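Reader: I am a first-year student and would like to study one part of this protein closely. Please begin with a single turn and then follow the chain outward from there.

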Amino acid sequence: AGIYQLTAGVYRPVDGTPLAEAVLGGARVPAQPFSQLSVPAGAVPLGNAIWLTGWRLSATTAHPGETIEVEADFLAARPITTDDTVSVALVGSNYQWQVLADGTPAGGAIPTLKWIAGSRVADRHRLTIPSNAAPGTASLSLTLYDAFTQRILPVLDRDLAARGQSVPLGTIEIAAP
């Protein structure tokens, strides 16, 4: 939100030095539907319109062959105009194995293209630990990407973005069979 000035100009191609500029006008951008105050503490912005507001794990310890569930909660700050896919990944220690659960939110029932400002959507994913998984710590993460272009929605939290393109959800301890 704020007042923005629209300027047209001609600039030197080598270093960008302005040769001529003209102010064309201004525009007032109203506050977005959700301000920082209405977003739950600890929520993670994904792209410019979706917040990951929380998540729950069915277990923090599992044996090979067992299935864990991850439930993620999302909040739309405005109508979503892309068809986004939620990807939850569980990666074994030393990258020995990986299990992915990708899909349209809410088991396919509520695609992001149907989200309007204020939509709250719970999304559940099931991940089965490989039967040959060695004991150790597995990392769990979540990524949101455009189903058509495959472009990953950036994590807009400065601390988390420094770690990569996914939101770390925690770890699962893989116990001996």
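How many residues stand between strand 3 and strand 4 in the hairpin that they form, and which residue in the turn has a positive phi?

Author: The model is a predicted one, and the description below should be read with that in mind. In the hairpin, 3 residues stand between strand 3 and strand 4. The residue in the turn with a positive phi is G47, at about 65 degrees.

The two arms of the hairpin may be considered next. Strand 3 and strand 4 run antiparallel to each other and are joined by 3 bridges. One of the facing pairs can be named: V44 has L52 in strand 4 as its bridge partner. As a general point, the strands of a sheet are paired by hydrogen bonds of the backbone, in a parallel or an antiparallel sense.

Strand 4 also continues the pattern on to strand 6. These two strands pair in the antiparallel sense over 7 bridges. Two positions help to locate this pairing on the structure: L57 stands opposite V70 in strand 6, and R56 stands opposite E71 in strand 6. Strand 6 in turn is joined to strand 9 by 9 bridges, and these two strands run antiparallel as well. Here T67 has T128 in strand 9 as its bridge partner. Strand 6 is mostly covered, with 8 of its 10 residues buried.

The hairpin and its neighbours lead to the interior. The largest nonpolar core has 34 residues, of which L46, L52, F74, L90, L127 and L142 touch the most other members. At least two residues of this core come from each of strand 3 (44-46), strand 4 (50-57), strand 6 (67-76), strand 7, strand 8, strand 9 (120-128), strand 10 and strand 11 (167-174). Strand 6 gives the largest share, 5 residues. A second core of 5 residues is separate, and A43, W51, L75 and A77 are among its members.

L127 deserves attention within the largest core. Leaving aside residues up to four places away in sequence, L127 touches E66, T67, I68, V70, V88, L90, V99, L100, A101 and L140.

Several strands that contribute to the largest core also belong to an open sheet. This sheet has 5 strands with mixed pairing, in the order 5-11-10-7-8. Its edges are strand 5 (61-62) and strand 8 (98-103); each has a single partner strand, so one side of each is left without a neighbour in the sheet. Inside this order, strand 7 (residues 84-91) and strand 10 (residues 136-146) pair in the antiparallel sense through 8 bridges. In that pairing, S87 stands opposite T143 in strand 10.

The loops may now be compared with the turn at G47. Y95, in the loop between strand 7 and strand 8, has a phi near 55 degrees, which is positive although the residue is not glycine. Y95 counts as exposed, at 74% relative accessibility. A106 has a phi near 60 degrees, again a positive value in a residue other than glycine. A106 is placed in the loop between strand 8 and strand 9 and is partly exposed, with a relative accessible area of 23%.

P111 is also in the loop between strand 8 and strand 9. Residues under 20% relative accessible area are termed buried, and P111, at 17%, therefore counts as buried. Apart from residues up to four places away in sequence, P111 touches D83 and T104. From P111 to L156 there are 45 residues in sequence and 22 Å in space, C-alpha to C-alpha.

R163 lies in the loop between helix 1 (158-161) and strand 11. R163 is exposed, with a relative accessible area of 64%. The C-alpha atoms of R163 and L52 are 17 Å apart, while the two residues are separated by 111 residues along the chain.

A last feature brings the account back to the region of the turn. The second largest pocket holds about 160 Å³ of space. It is lined by 13 residues, and those closest to its centre are N48, R78, T82, R151 and L153. Sorted by class, the lining consists of 6 nonpolar, 4 polar and 3 charged residues.

Conventions: Residues are numbered from 1 along each chain as its sequence is written. This is a predicted model: local features need pLDDT of at least 70, side-chain atom pairs count only at pLDDT 80 or more; totals for chains, interfaces and linings use all residues. Side-chain values use heavy atoms; hydrogens and water are left out. Two strands pair if DSSP finds at least two bridges between them. Helices (H or I, at least four residues) and strands (E, at least two) are DSSP runs, numbered from the N terminus. A nonpolar core is a set of buried Ala, Val, Leu, Ile, Met, Phe, Trp, Tyr and Cys residues joined through side-chain atoms within 4.5 Å. Buried means under 20% relative accessible area, exposed over 50%, partly exposed in between (1.4 Å probe, protein chains only). Contact means heavy atoms within 4.5 Å. On a 1 Å grid over the protein atoms alone, a cavity is a set of points where a 1.4 Å probe fits but cannot get out, and a pocket is an open set with protein on both sides within 12 Å along at least five of seven lines; lining residues have an atom within 4 Å of a point. Grid points are joined across faces, edges and corners, and a volume is the space filled by probe spheres set on the points. Ala, Val, Leu, Ile, Met, Phe, Trp, Tyr, Cys and Pro count as nonpolar, Asp, Glu, Lys and Arg as charged, and the others, Gly among them, as polar.
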